[in-house]
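I opened the notebook on this model to look up confidence, annotated spans and helix packing. My entries follow in the order in which I made them.

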Amino acid sequence: MYGRRASQLLKDFSANEPGQISAFDTENFDQVIKECDAHHLELQALMRKIQEEGLDIQTTRNADHYGAVIHHLALIRNKRCLMAYVYNRAEIIQSLRWKVGPVLPQEVQEKVSYSEEEYFKNHSAALESYMSEAELDLTVDMVPPKDPYIKVRVLDDIGDVFLSDQSPNLARHSIHFLRRTDAEQFISQGLMEELPS
Amino acid sequence: MASGSEEGLGFGNGDGDVDVDVDVDPSIAMTTDVELLKRAWRNEKAAPEILQFESSLVQRSKEQIQLMEETVEEYEGNGTDPLTVSLYQMDLDRTQFLLRSYLRIRLLKIEKFATHISKTDSWNRLSEQEQKFTKRCMDDMEKHLTQSVLSRLPYGYQSILKQSISSEEDDMVPEPQLDTFVFCKSKSSLGAIQLDESGEEFEDLVADDLYVLRYKSVKPLIENGQIDIV
């Protein structure tokens, strides 16, 4: 059936947890592109046939016309599905810029296409130039602050660091009481976790 | 509209019949920038489309944040009671969060609706920097979609704005849902508000009551600040 593969592409996409991205389905994607070309060929053949029969292409309403319409609509539907697939993935990639910073983690990088990776870089640069013009880093302070200090557990050996009010040794598994603004960068990199206080 | 002379006599609201005039809201005159920022933030957060950029408010907030930072630093230096310092710090953190979150929400909306914003009068609601950001968003997304999909489609189906060459209007541009419902609260009695285009449904807006209305129907009132969304 026309358009089935394209809708399957989207069904697979939406089966993911929200905000999660799975590997770019190159195989099905390319198949749908091929379907589009096939529809286009059929469409053109039917149009030609109508013309060869000496009929007016604008007003003819015979079987060939409706056949052509079906190919046209199937093509449009495929296009919408492909666009939705790429667009929705791009939205997740956008949101990653806010969550994990300017570098894609290895496990995500394996799943995105070349163009998606490039898009992430470009978009990331756009955001950075906005932030530098606004003279504000918008990627910190993602949650409303309750207390200026939070309790955190260090998940990886970070070592000695200089923070705004202390210079603790952030050894693995140690628990610290840090300024939220200091801790946030480590938390977003996955090096620390916040403990319920 | 109303004279300020009635302020202070506002105890007798019990008669419940206050649909005549807009009282001058005493809170407006006294509102601090933080309050205004909070309001702008709340409205922006709840509105489906992008609102007017509060340019001077953002500027003032930035200056105040800087001032507060200096104050906190000074207190830390001269041995002021740590509790006092930490209270100032908390205040500072909260204001900074509000400002950042406000700008962030706007950017998220731009990311989502860049093309739509650039084609409508929403464009004029953006700050200059946001306009630049919008352009780059559009360019990057267009490049990405062209590379991944559009350039591989047959001729006539390659437009990013139209489904095919035979579409008369741009029918592939994501738009904000203006029909959505918002919770809103009026600061003063506004009388009957028309809720739909047919002009049949009216709702009487009473001060400080909570309403759930279509965003579209209250949009002008939000824009001129007569009601807030929560």
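**Annotated spans**

I started with residues 82–147 of chain B: their end C-alpha atoms are 57 Å apart, and the span is 88% helix and 0% strand. I took these limits from UniProt, where an unreviewed entry gives the feature "domain: GINS subunit" at residues 82–147 of chain B. The model is predicted, so I kept the record and the coordinates apart in my notes.

For chain A, I found that UniProt lists "domain: GINS subunit", also from an unreviewed entry, at residues 63–133. I looked up the ends of residues 63–133 of chain A and found their C-alpha atoms 60 Å apart, with 87% helix and 0% strand in the span.

**Confidence**

I checked how far each chain can be read. Chain A has an average pLDDT of 85, and 98% of the residues score at least 70. Among the elements of chain A, I noted helix H5 (residues 114–134) with the highest mean pLDDT, 90, and helix H6 (residues 180–188) with the lowest, 79.

Chain B averages 79, with 85% of the residues scoring at least 70. Helix H5 (residues 128–148) of chain B has the highest mean pLDDT among the elements of that chain, 91, and helix H1 (residues 26–30) of chain B the lowest, 51. Over residues 1–24 of chain B the pLDDT stays under 50, and the model has 19 contacts beyond four places in sequence for this stretch. I do not interpret those contacts, because predicted coordinates should not be read in detail where pLDDT is low.

**Helix packing in chain A**

I looked first at helix H1 (residues 4–14) of chain A against helix H3 (residues 63–100) of chain A; the axes come within 8 Å and cross at roughly 20 degrees. H1(A) and H3(A) are therefore roughly parallel to each other, and the crossing is left-handed. On the H1(A) side I listed Ala6(A), Ser7(A), Leu9(A), Leu10(A) and Phe13(A). The H3(A) side includes Cys81(A), Leu82(A), Tyr85(A) and Ile92(A), and also Arg77(A) and Arg89(A). I recorded nine nonpolar, three polar and two charged residues in this contact.

How do H3(A) and H5(A) cross? I found their axes within 10 Å, crossing at roughly 45 degrees. H3(A) and H5(A) are therefore oblique to each other, with a right-handed crossing. From H3(A), I noted Arg89(A), Ala90(A), Ile93(A), Gln94(A), Leu96(A), Arg97(A) and Trp98(A). They meet residues of H5(A) including Tyr119(A), Phe120(A), His123(A), Leu127(A) and Met131(A). The contact of H3(A) with H5(A) holds eight nonpolar, three polar and four charged residues.

**Helix packing in chain B**

I then turned to helix H3 (residues 55–77) of chain B and helix H4 (residues 82–119) of chain B, which pack at an angle of about 155 degrees with their axes 10 Å apart. That angle makes H3(B) roughly antiparallel to H4(B). I noted the crossing of H3(B) and H4(B) as left-handed.

H3(B) contributes Val58(B), Ile65(B), Met68(B), Val72(B) and Tyr75(B), among others. From H4(B), I picked out several contact residues, among them Val85(B), Tyr88(B), Leu92(B), Leu99(B) and Tyr102(B). I closed this entry with the makeup of the contact of H3(B) with H4(B): 10 nonpolar, four polar and four charged residues.

Note on methods: Residues are numbered from 1 along each chain as its sequence is written. Chains are lettered from A and ligands numbered from 1 in the order in which they are written. This is a predicted model: local features need pLDDT of at least 70, side-chain atom pairs count only at pLDDT 80 or more; totals for chains, interfaces and linings use all residues. Side-chain values use heavy atoms; hydrogens and water are left out. Axes are lines fitted to C-alpha atoms, for helices over the stretch in contact, and angles run from 0 to 180 degrees between N-to-C directions. Helices (H or I, at least four residues) and strands (E, at least two) are DSSP runs, numbered from the N terminus. Angles under 35 degrees count as roughly parallel, over 145 as roughly antiparallel, 65 to 115 as roughly perpendicular and the rest as oblique. A crossing is left-handed if the near helix is turned anticlockwise from the far one by less than a right angle, and right-handed if clockwise. Contact means heavy atoms within 4.5 Å. Ala, Val, Leu, Ile, Met, Phe, Trp, Tyr, Cys and Pro count as nonpolar, Asp, Glu, Lys and Arg as charged, and the others, Gly among them, as polar. UniProt positions are given in the numbering used here, feature names are shortened, and annotations may be inferred rather than shown by experiment. pLDDT is the predictor's confidence in each residue, from 0 to 100.
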